[in-house]
Amino acid sequence: MIKVLGHKAPDTDSTGSPIVWAWYLSEVRKEPAVAVLQGEPNTEALWMLAKWDLPKPQIVTDLAAGEKCVIVDTNNPAELPASINEAEVLEIIDHHLLAGGIKTRLPINITIRPLACTATIMFDLMGEDAYNRAPRAVKGAMLTCILSDTLEFRSPTTTPHDRFVAEKVAKDLGVSIPAYAAEMFAAKSDVSAFSEEALLRMDSKEYELGGKQLRVSVLETTAPQVLLDRKGALMAAMPGVAAADGADEVLLFVVDILNEEATLLIPNDFVKQVAEKSFNATVAGDTVVLPGIMSRKKQIIPALAI
């Protein structure tokens, strides 16, 4: 059985795209496959599973030597099981920069395209005939992934093709994109049940800057004040999360989906320096608002400097 998995701290795309591709492998290519996760999905991903009556994929922490797998929504070994180079990687489908470091036993198919969402790439790869055969739940997962990664087309990572695919799938499902996205974002914004430590890890990436290991965390929400009301507790939790995860610092960006801006929490002088150098910002307190900043992949990570 082929395991299809995305990155650690699974968001909607890393939860939904493994489901989409596992269906395609099993039903179209006739190669039995199953979607798996590397951790608990976030609130929006859980909402997607409930909305389309999809079972939550099994959570795995490692892969056995020689175990067959397909990697989606990442190609970074730091975001994959420690034993990934001992597993048998069959394919990689991604929309992030090429990180390097994955070794395979044989030549494989690798598809990395500058699109906003892995599910958009999968729509192209599976072809029209296979897409038409997909059950509503698989199409629903595909739509949710694209709307999540594009923030309903607000993110600067959005391409015309992402929008075309999302609109086609929504039409086929009889779904209103604005109404559906509003439900999605409401689910994403409900973080009341999560601890500060869980929030700091919920949607985060590892990144090295000037010899320092950073955990760059993003929380996308339509209710930013709910998170900002917890800023003291969030900043107090940062040193413990950094130490436990082998990082030097945690950067937390609270992305306001509707107002299209991010608020960066400023717990210390290092993060203040990063904010001022990276975003030409003036920091006067324990937060700084960054207008127009919405995408970690396109606007935050490439800008980071000290």
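F153 is located in the loop that joins helix 4 (136–150) to helix 5 (160–173); helices here are DSSP runs of H or I with at least four residues, strands are runs of E with at least two, and both are numbered from the N terminus. The model is predicted, so local features need pLDDT of at least 70 and side-chain atom pairs count only at pLDDT 80 or more, whereas totals for chains, interfaces and linings use all residues. Residues are numbered from 1 along each chain as its sequence is written, and side-chain values use heavy atoms, with hydrogens and water left out.

The backbone of F153 has a phi near 70°, a positive value in a residue other than glycine. F153 counts as buried because its relative accessibility is 15%; buried means under 20% relative accessible area, exposed over 50%, and partly exposed in between, with a 1.4 Å probe and protein chains only.

A positive phi also occurs at N280, which is not a glycine and has a value of about 50°. N280 sits in the loop between helix 10 (269–279) and strand 11. With 73% relative accessibility, N280 counts as exposed.

Strand 11 leads to the sheet. This open sheet has 5 strands in the order 7-8-9-10-11, with mixed pairing; two strands pair if DSSP finds at least two bridges between them. Strand 7 (204–209) and strand 11 form the edges, each pairing on one side only. From one strand to the next, the twist averages 25°.

Strand 10 (residues 261–265) pairs with strand 11 in the antiparallel sense over 5 bridges, and E261 stands opposite P291 in strand 11. Strand 9 (residues 249–256) and strand 10 are likewise antiparallel, over 4 bridges; here E261 is the bridge partner of D256. Strand 11 (residues 287–291) has a covered face formed by V288 and L290, and an uncovered face formed by T287, V289 and P291.

Helix 9 (residues 231–245) lies across strand 8 (212–221), strand 9, strand 10 and strand 11, and runs at about 135° to strand 9. Such angles are taken between N-to-C directions and run from 0 to 180 degrees, with axes as lines fitted to C-alpha atoms, for helices over the stretch in contact; contact means heavy atoms within 4.5 Å.

A further loop, between helix 6 (177–189) and helix 7 (196–202), contains A193. A193 is exposed, with a relative accessible area of 76%. The C-alpha atoms of A193 and T43 are separated by 9.7 Å, although the two residues are 150 residues apart along the chain.
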